[in-house]
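Reader: Before I accept the labels used for this structure, I would like each one set against its definition. Please show the model first.

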Amino acid sequence: MAAPQKRSEQLAETLRTLVSGSTDIQGVAVISMDGLVIAAELPSKLDQARVGAVAAGILSLSGRSVGQLQRGELQQTLIQGSDGNVIITHAGKNAAFVALTGKDVNLGMAFLETREGAQKVSEILG
């Protein structure tokens, strides 16, 4: 009988499976609310620490913005750039899920895959 996988192994496998099985998502990261990278499957040209720090800043500002504008609780953030998109959502209470896409993607499918990935991560982190 095989030993149960560690959470870090489960996260790594989940992220690898998501990126390899998606035509829309090019990279993903799981970060703590203060921007530390818990797990990532990112394109090699991206620095994991930078992704974590930038995403945490975006998440914080987005949360404050929806509060100030009386839009309830933050569900997700989408930032569209000329070369692609950044989608950030919560993955449980203490983590966030960051997905990077190309520019010509089906955003509905990218949102769905992001939500499903965040849910799986939330379950792993407990």
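What follows is a dialogue on the labels and the values behind them.

Author: This is a predicted model, in which local features need pLDDT of at least 70 and side-chain atom pairs count only at pLDDT 80 or more, while totals for chains, interfaces and linings use all residues. Residues are numbered from 1 along each chain as its sequence is written, and side-chain values use heavy atoms, with hydrogens and water left out.

Reader: How do you know that the length of helix α2 agrees with its number of residues?

Author: Helices (H or I, at least four residues) and strands (E, at least two) are DSSP runs, numbered from the N terminus. The expected span of a helix is 1.5 Å times one less than its number of residues. Helix α2 covers residues 48-68, which is 21 residues, so the expected span is 30 Å; the end C-alpha atoms are 30 Å apart, and the two values agree. After the helix comes Gln70, with a positive phi near 55°.

Reader: Why is Gly117 called buried or exposed, whichever applies?

Author: Buried means under 20% relative accessible area, exposed over 50%, and partly exposed in between (1.4 Å probe, protein chains only). Gly117 has a relative accessible area of 5%, so it is buried. This glycine lies in helix α3, residues 107-125.

Reader: What is Gly117 in contact with, its sequence neighbours aside?

Author: Contact means heavy atoms within 4.5 Å. With neighbours within four places in sequence left aside, Gly117 is in contact with Leu18 and Phe97. The C-alpha atoms of Gly117 and Thr89 are separated by 10.0 Å, and these two residues are 28 apart along the chain.

Reader: Why does Leu61 get the label it has, given 48% relative accessibility?

Author: Because 48% falls between the two cut-offs, Leu61 counts as partly exposed. Leu61 lies in helix α2. From Leu61 to Ser8 the C-alpha distance is 28 Å, with their positions 53 residues apart in sequence.

Reader: Which residues of α2 are buried, and what do they pack against?

Author: The buried residues are Val51, Gly52, Ala55, Ala56, Ile58, Leu59, Ser62 and Val66. They pack against β1 (25-32), β2 (37-41), β3 (76-81), β4 (84-90) and β5 (95-101).

Reader: What makes β1 a largely enclosed strand?

Author: Seven of its eight residues are buried, so β1 is largely enclosed by the rest of the structure. In β5, seven of seven residues are buried. Ala95, Phe97, Ala99 and Thr101 point one way from β5, while Ala96, Val98 and Leu100 point the other way.

Reader: How do you know that β1 and β5 are paired?

Author: Two strands pair if DSSP finds at least two bridges between them. β1 and β5 have seven bridges, in the antiparallel sense, so the definition is met. Within this pairing, Gly27 stands opposite Leu100 and Ala29 has Val98 as its bridge partner.

Reader: Which other strands pair, and over how many bridges?

Author: β1 and β2 run antiparallel and are joined by four bridges, with Ala40 in β2 as the bridge partner of Ala29. β3 and β4 pair antiparallel over six bridges, with Thr77 opposite Ile88. β4 and β5 also pair antiparallel over six bridges, and Val86 has Leu100 as its partner in β5.

Reader: How many residues lie between the strands in the hairpins?

Author: The hairpin of β1 and β2 has four, and Gly35 there takes a positive phi near 95°. The hairpin of β4 and β5 has four, with Gly92 at a positive phi near 90°. β3 is joined to β4 through two residues.

Reader: What makes a space a pocket, and how much space lies in the largest pocket?

Author: On a 1 Å grid over the protein atoms alone, a cavity is a set of points where a 1.4 Å probe fits but cannot get out; a pocket is an open set with protein on both sides within 12 Å along at least five of seven lines. Grid points are joined across faces, edges and corners, and a volume is the space filled by probe spheres set on the points. By that reckoning the largest pocket holds about 410 Å³.

Reader: Which residues line the largest pocket closest to its centre?

Author: Lining residues have an atom within 4 Å of a point. There are 18 of them, and the closest to the centre are Leu46, Val51, Asn85, Val86 and Leu100. α2 gives the most to the lining, with five residues.
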